Amino acid sequence: MSLATLRQLSRQQPLMRSCLPGSHRAALVQCRMQSGRSRLPMNTIINFVPHRYEYIVERFGKFHKKCDSGINVLLPFFDHISYVQSTKEVTVEIPSQTAITTDNVTIHIDGVLYYKVVDSVKASYGVEDAKFAISQLAQTTMRSELGRMTLDTIFQERSFLNTAIVEAINHASSDWGIQCMRYEIRDISLPTKVKEAMQVQVEAERMKRARVLESEGIRQSKINVSEGEKQSLILQSEGQKEQDINLAAGQAKALVLMAEARAGALTRVAEAIVQKAGDRAASLSVAEQYVAAFKELAKTNNTLMLPSNTGDV
């Protein structure tokens, strides 16, 4: 036997309750003990309100005052505790329901709602059953918000959807003295064909990404090879340039040294000519060069013509 049935039987006549089997009567007593706090307490003149609870007191059938946690003194017979409100956070399970998105996809979605009473007077007189009202409001709000979104948006912006539902519930339940703390989507169920289509889409997307990454790798590889060849050519040209500069500098320096050496040799020859018997030494040097020149000519040609005044050298 369910807990709701036992609570209903606890409010019926004693004769009907006595007809229950022994096990059911024991369960009924346990149900009373568990739901004792939800029953209205009696006015004992000096009343102790538990922590995080508030009593709503009526006098002559009209709201009189609100009793906070602690000691509260009430008049007997005149004051009556009509409502007991808990200011603790309450969890409400939102059952699974059907919703249709803007792209005409039917989904089944459920969630969990967390709320608390912020104004016990409004929660007592503003709505008959606060828990039932907030549950129904959460379901209708969730359908309304899902009807404005596509299926892909629901999965991508799940936190935004939760926030939108909380704001809509708080706006609608402001006169009930209830504040929605947060709403969490627990499960989203899709039709089988939609799941298969999404799986195909995911596989195609992964293959596309793999091909794109492969082409990017080939492109980057070719760029790296061309960049390496470019740098190699630049370095080779820089090396050839440095080599040509060094060679030209060496040749220029060699020419300068040769000119300086020849100038030094000519200076010494001139000094030697000025000295005693210097002209003879010069004539001897010229004659040696003359003979060496004819010697080279004799090596390359079969016919050699000599001047008639060879002995005058």
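The paragraphs below lead through a predicted model, from the chain as a whole to its sheet, its hairpin and a group of aromatic rings.

The chain has 313 residues, of which 24% count as buried, and its secondary structure consists of nine helices and eight strands. The accessible surface of the chain comes to about 22400 Å², and carbon and sulfur atoms contribute 56% of that area. Among contacts in the chain with a separation of 6 or more, 60% are between residues that lie 24 or more positions apart.

A good place to begin is the sheet. Strands 6, 7 and 8 form an open sheet in the order 6-7-8, with antiparallel pairing. Its edges are strand 6 (90-100) and strand 8 (178-189), each of which pairs on one side only, and the twist from one strand to the next averages 25°. In general, the strands of a sheet pair through backbone hydrogen bonds, in either a parallel or an antiparallel manner. Strand 7, which covers residues 106-117, runs antiparallel to strand 8 and is joined to strand 8 by ten bridges. Within this pairing, Leu113 stands opposite Tyr183 of strand 8.

Two helices pack on this sheet. Helix 7 (residues 158-172) touches strand 7 and strand 8, and its direction makes about 140° with that of strand 8. Helix 5 (residues 130-146) lies across strand 6, strand 7 and strand 8, running at about 35° to strand 6.

What surrounds Ala138, a residue of helix 5? Once the neighbours within four places in sequence are left aside, Ala138 is in contact with Ile94, Leu113, Ile169 and Tyr183. Two of these partners, Leu113 and Tyr183, are the residues that stand opposite each other in the pairing with strand 8. Ala138 counts as buried because its relative accessible area is 0%, below the limit of 20%. Ala138 and Val166 are 28 residues apart in sequence, yet the distance between their C-alpha atoms is 8.4 Å.

The sheet strands also carry a charge-to-ring arrangement, in which the charged end of Arg182 sits over the ring of Tyr114, 4.2 Å from the ring centre.

Another pairing of strands lies earlier in the chain, where strand 2 (residues 53-59) and strand 3 (residues 62-67) run in the antiparallel sense and are held to each other by five bridges. Here Tyr55 stands opposite Cys67 of strand 3. The two strands form a hairpin with two residues between them, and in this hairpin Phe60 takes a positive phi near 60°.

Most residues other than glycine have a negative phi. Which residues depart from that tendency? Phe60 is one of them, with a positive phi near 60° in a residue other than glycine, and its place is in the loop between strand 2 and strand 3. Phe60 counts as exposed because its relative accessibility is 67%, above the limit of 50%. Asn104 likewise has a positive phi near 60°, and its place is in the loop between strand 6 and strand 7. With a relative accessibility of 66%, Asn104 is therefore also classed as exposed.

The last stop is the aromatic residues. How many aromatic pairs does a search of the whole structure find? There are three, and one of them is formed by Phe63 and Tyr125, which meet edge-to-face at 6.0 Å centre to centre with 75° between the planes. This pair links distant parts of the chain, since Phe63 belongs to strand 3 and Tyr125 to helix 4 (residues 120-125), 62 residues apart. Phe63 counts as partly exposed at 35% relative accessibility, and Tyr125 is partly exposed as well, with a relative accessible area of 37%.

Tyr125 also pairs with Tyr83, again edge-to-face, at 5.4 Å centre to centre and with 75° between the planes. This second pair also links distant parts of the chain, with Tyr83 in strand 5 (residues 79-86) and Tyr125 in helix 4, 42 residues apart. Tyr83 is partly exposed, because its relative accessibility is 32% and the partly exposed class lies between 20% and 50%. Through these ring pairs, Phe63, Tyr83 and Tyr125 are linked into a cluster.

Conventions. Residues numbered from 1 in each chain as written. Predicted model: local features only at pLDDT ≥ 70, side-chain atom pairs only at ≥ 80, totals over all residues. Heavy atoms only, no water. Pairing = 2+ DSSP bridges. Helix = DSSP H or I, 4+ residues; strand = E, 2+ residues; numbered from the N terminus. Axes fitted to C-alpha atoms, helices over the stretch in contact; angles between N-to-C directions. Contact = heavy atoms within 4.5 Å. Phe/Tyr/Trp six-rings, centres within 6.5 Å; stacked < 30°, edge-to-face > 60°. Buried < 20%, exposed > 50% of the residue type's maximum accessible area, 1.4 Å probe, protein only. Lys NZ or Arg CZ within 6 Å of the ring centre and 35° of its normal. Areas by Shrake-Rupley, 256 points an atom, 1.4 Å probe, with all protein chains shown as cover.
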